[in-house]
4 protein chains.
Amino acid sequence: MHSHTPSGGRPGRPRNAAADAAILAATRQALVELGWSKLALGDVATRAGVAKTTLYRRWSGKNELVVDAVAELFDELRLPDRGSLAADIEGVVLQFAAILARPEAKSGLMAVVAESTRDDALRERIRTSIVERQKRLVLAGRARAQVRGELPPETDPEESARTVDLIFDMVAGAVVHRTLVSAEPADEEWVRSFTRVLLLGLTGSQQPV
Amino acid sequence: MHSHTPSGGRPGRPRNAAADAAILAATRQALVELGWSKLALGDVATRAGVAKTTLYRRWSGKNELVVDAVAELFDELRLPDRGSLAADIEGVVLQFAAILARPEAKSGLMAVVAESTRDDALRERIRTSIVERQKRLVLAGRARAQVRGELPPETDPEESARTVDLIFDMVAGAVVHRTLVSAEPADEEWVRSFTRVLLLGLTGSQQPV
Amino acid sequence: MHSHTPSGGRPGRPRNAAADAAILAATRQALVELGWSKLALGDVATRAGVAKTTLYRRWSGKNELVVDAVAELFDELRLPDRGSLAADIEGVVLQFAAILARPEAKSGLMAVVAESTRDDALRERIRTSIVERQKRLVLAGRARAQVRGELPPETDPEESARTVDLIFDMVAGAVVHRTLVSAEPADEEWVRSFTRVLLLGLTGSQQPV
Amino acid sequence: MHSHTPSGGRPGRPRNAAADAAILAATRQALVELGWSKLALGDVATRAGVAKTTLYRRWSGKNELVVDAVAELFDELRLPDRGSLAADIEGVVLQFAAILARPEAKSGLMAVVAESTRDDALRERIRTSIVERQKRLVLAGRARAQVRGELPPETDPEESARTVDLIFDMVAGAVVHRTLVSAEPADEEWVRSFTRVLLLGLTGSQQPV
DNA sequence: TCATAATCGAGACGGTACGTCTTGTCTTTTA
DNA sequence: TAAAAGACAAGACGTACCGTCTCGATTATGA
């Protein structure tokens, strides 16, 4: 009754728990230095002080590895209370822009999105690990705004979900396009303009910041 | 009186003009069949009935080639007069979404954007060949709306340019995110919702469709 | 009680021992069919049922590979006892001529000698693997002749080494030139004439055959 | 009536006569710098200040070009009268060795011999341009020795031709082997030893030097 | 304490694409 | 007609990664 094996007591040498984190960190480091296209898994393994076998035992390939490495970056996003819906949105968008400005995110994120156009499992992994995971921010922001009375409570839950999706597509899309394609900084000025248009479009009335 | 023969009279055998088109077409075909990551330049050359050297003489690599191959797709975009600003926008966005739904665009576009995060020349090429080139649609749409009296004439040209950029980032970004990341169709319903938010955000008043 | 495992216990998957022989055999086969200048290492690898990387892991290039492939041919040389020094020499020269008449030897040997004029390491490899290795025949022949009383025992070891070298240059050189440049067969008649001149030149007296 | 075209007044622009010499010189220069295997015809043409077309109009390929470039070197060989057959032979052998020591000869000669093992026309070209052309030295040496009374006049012309061939194979073969394979200098000492053996072998008696 | 089993490092392996180079031909303009 | 210039098809080069495999060594569980 005193089985104290962490992984359910299955036989054999247990996996080195530290290796996962080391590999993901090495992946991000390599993304910074080399970018997606020159990132080689053999090199990542070496950087992580791990054999290639070990890496392949845990991830099926470059795409999956990079999704996981990048996904961790977005978990840093927070929704601090800045007093108004507009200010809250601006705050999150600025954080999002800051993450996207980091080379390990830039280089990896778009690449796996590109790959996901031909790989359904990969797209699902991206959605689960990154997109859906961060919709929490939209939901939390809306809830807070409703508490403040800035937004009415939802009535139609289906319509509500559609709106969340639309907002997410608009926010994420605009910031990504601004940052990666237009290659202009998504700085405070731009974020203020963007937020004004978004909020006016959604509510039909100018919101105080 | 200055003779300006197209080939400039420069010595040596002139380049085969048909090869460029054949190579770009072969590139798009290969993108459809194989996707970006399995696209091999040797294979593209074979499909185009051309030697690998000929391809490399004209493009410096996969990235540049795919930018040019994809850029041609967006030249199909038109701004037909549908009677109102909202309808015009919806029309263009639908066309844009239709192009982005094609596998040769999907697979190639995001990949070169990803690469461009580490290659300034490539990003410039994307901007020149695709982004700036298609801003004509925003400009034409606004001009037409001004003629109709739906929009006031601009006063500050700098502010005006900033707004065009913002619109472009929001439109292109949202459609790309909807199509590639959320992997939901940018169909008429979605486009109508999106256009409503955008236009309301920009003008502060609901526009008739 | 010293354990000397063949693989020395070094880590990693051990090399496939059979591959070496397969590659060298494939090299000779390709030399016969294609000759030196059309011999392609990728093709050799394919013939040997081996990846190109495997070949390059073991040989640094075409030159080194062909030296080894050809060197094995000369290990067939034997010095059978034909009763007299003259007959022994004739026997070995005929064998040597027979090997040189084979296309895999012809085509490869001169080519690597040509390359070795600009590559000291290659020349050393040729000397070690082929030339010095076969001087055993000269030494054995002389020893046997001394036992028979046909030749006096050496006195000056340095002078003796110089003579062995001279004999080797004369024998190998003449047969090669006859076979490859004059392109006439080094048949029994020619070998008899050559041996007569050589032996008379070395000993000052006609030897019985 | 004043047609002074060198080649019989055939129509069109006449060939540039200087180009042949320039190309052969450029070939030798490239052989010195790069060696046979890295010698590229495009590069030779550039060095000669000539278009590749011009080169190919005059030579069918690398092999033929190099044969001609190397053949010219051997035309420098002379048979100065040094007073005795042995001294004459030594003199010629030393000259031959000196030519073979030059990189453009070393690198090119063996390579074309190697190629000739699979190309009858090339072998014939080598025999005609180099080998047979230099047998004049053997013939002249023998004639002079006969005048001096060192050698008897020939009786059987067929036997005589066979002997000339044998001598040539032995001399050329030994020097080539000494120089290229053994990679030892064919210096005066070696040449003296070699000549002694050769002459004793041919005449049965030691010759005064 | 010994068998079993999974992991680890190391590195060989078959395969595929890379981007460059050379070959020998072809096509243009200029002489 | 030749010459210079350079584009062209073809194909080998040697390198780099991929993802798999085969080793010996290690580290856990369970008999």
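# Chat about a predicted model

Colleague: Which residues of helix H2 of chain B are buried?

Modeller: In this predicted model, the buried residues of helix H2 (residues 41-48) of chain B are Val44(B), Ala45(B) and Ala48(B).

Colleague: Where do they sit around the axis of H2(B)?

Modeller: They cover an arc of only 100° around the axis, which puts them on the same side of H2(B).

Colleague: Why would residues a few places apart point the same way?

Modeller: An α-helix has 3.6 residues a turn, so residues three or four places apart point the same way.

Colleague: And what do the buried residues of H2(B) pack against?

Modeller: They pack against two helices of chain B, helix H1 (17-34) and H3.

Colleague: What comes just after H2(B)?

Modeller: Gly49(B) does, and its phi is positive, about 70°.

Colleague: New topic, the DNA. How many residues surround strand F?

Modeller: There are 50 residues around DNA strand F. The closest are Gly12(B), Arg13(B), Ala51(B), Arg13(C) and Gly12(D).

Colleague: Which elements give two or more residues to that surface?

Modeller: In chain A they are helix H2 (41-48) and helix H3 (52-58), and chain C likewise gives helix H2 (41-48) and helix H3 (52-58). Chain B and chain D each contribute through helix H3 (52-58).

Colleague: What kinds of residue are on the surface near strand F?

Modeller: They divide into 17 nonpolar, 19 polar and 14 charged.

Colleague: Does a record say anything on chain A? I mean, which feature is placed at residues 17-77?

Modeller: UniProt, in an unreviewed entry, places the feature "domain: HTH tetR-type" there. Over residues 17-77 of chain A the chain is 75% helix and 0% strand. The end C-alpha atoms of that stretch are 25 Å apart.

Colleague: How is chain A laid on chain B?

Modeller: By a turn of 179° and a shift of 0.1 Å along the axis, with an RMSD of 0.2 Å. The two copies are thus related as by a two-fold rotation axis.

Colleague: And through what surface do those copies meet?

Modeller: Through the same surface, because 100% of the interface residues of chain A are also interface residues in chain B.

Colleague: Now chains C and D. How many residues does the contact take from each?

Modeller: It takes 37 residues from chain C and 37 residues from chain D. On the chain C side, helix H6 (103-116), helix H7 (120-148), helix H8 (157-181) and helix H9 (188-203) each supply at least two residues.

Colleague: Which one gives the most?

Modeller: H8(C), with twelve residues. By class, the side of chain C that touches chain D has 20 nonpolar, ten polar and seven charged residues.

Terms used. Residues numbered from 1 in each chain as written. Chains lettered and ligands numbered in written order. Predicted model: local features only at pLDDT ≥ 70, side-chain atom pairs only at ≥ 80, totals over all residues. UniProt positions renumbered as here; feature names shortened; annotations may be inferred. Helix = DSSP H or I, 4+ residues; strand = E, 2+ residues; numbered from the N terminus. Near = placed C-beta within 6 Å. Nonpolar A, V, L, I, M, F, W, Y, C, P; charged D, E, K, R; others polar. Buried ≥ 20, exposed ≤ 12 C-beta atoms within 10 Å, placed from the backbone. Arc of directions from axis to C-beta. Contact = placed C-beta atoms within 7 Å. Least-squares fit on C-alpha atoms with pLDDT ≥ 70 in both.
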